[in-house]
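Let's take a walk through this protein chain together. Have a look at the sequence and the picture, and then we'll go from the overall layout down to a few residues.

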Amino acid sequence: MQLTLEEENMSQIATGNGAVDNQGAPHQLTAADRCDACGAQAYIRVVVKNSELLFCAHHGRKHQEKLASIAESWHDESSRLLEDQRS
Ligand SMILES: [Zn+2]
């Protein structure tokens with residue numbers, strides 16, 4: 001979708017000038033977010049006991065079974081992976 005690309009471009013441009021309030025979009029994962037397990041780009045954010053875990057799509061799936069029952073929040077942007085790979 002074009003919208004996703006535009007949002008990413010805008011966030012890159014806006015980085016550092018403070019014009020964008022990140023609190024307005026707390027769930028947007030960026031290329032700077034890295035998987036805690038392997039360092040790949042993170043597409044899944046999990047909150048467990050007030051600490052945040054980031055996973056790539058692969059490790060998100062791998063740990064989902066174990067973490068899903070205790071996670072307070074499970075945010076999955078792995079559907080964006082399909083769009084990113086297409087370009
Ligand atoms: Zn990973």
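The protein chain has 3 helices and 3 strands, and keep in mind that this is a predicted model. Start at the N terminus and you'll meet the elements in the order α-β-β-α-β-α. How much of the chain is buried? Out of 87 residues, 11% count as buried. As for contacts between residues at least 6 apart in sequence, 31% of them join residues at least 24 apart.

Now for the nonpolar core. The largest one is made of 8 residues: Ala42, Tyr43, Ile44, Val46, Leu54, Phe55, Cys56 and Ala57. Strands β1 and β2 (51–55) are the elements that give two or more residues to this core. In general, nonpolar side chains tend to be buried together in soluble globular proteins.

Pick Ala42 from that core: beyond its neighbours up to four places away in sequence, Ala42 touches Leu29, Asp33, Arg34, Cys35, Leu54, Phe55 and Cys56.

Next up is Val48, which sits in strand β1 (residues 44–48). Why does Val48 count as partly exposed? Because Val48 has 14 C-beta neighbours inside 10 Å, and a buried residue needs 20 or more, while an exposed one has 12 or fewer.

Here are the two residues set side by side:

| Residue | Contacts more than four places away in sequence |
|---|---|
| Val48 | Leu53, Leu67, Ile70, Ala71, Glu72 |
| Ala42 | Leu29, Asp33, Arg34, Cys35, Leu54, Phe55, Cys56 |

One last pair to find: Val48 and Ser69 are 21 residues apart in sequence, with 9.9 Å between their C-alpha atoms.

Terms used: Residues are numbered from 1 along each chain as its sequence is written. This is a predicted model: local features need pLDDT of at least 70, side-chain atom pairs count only at pLDDT 80 or more; totals for chains, interfaces and linings use all residues. Helices (H or I, at least four residues) and strands (E, at least two) are DSSP runs, numbered from the N terminus. Two residues are in contact if their C-beta atoms, placed from the backbone, lie within 7 Å. A nonpolar core is a set of buried Ala, Val, Leu, Ile, Met, Phe, Trp, Tyr and Cys residues joined through C-beta atoms within 7 Å.
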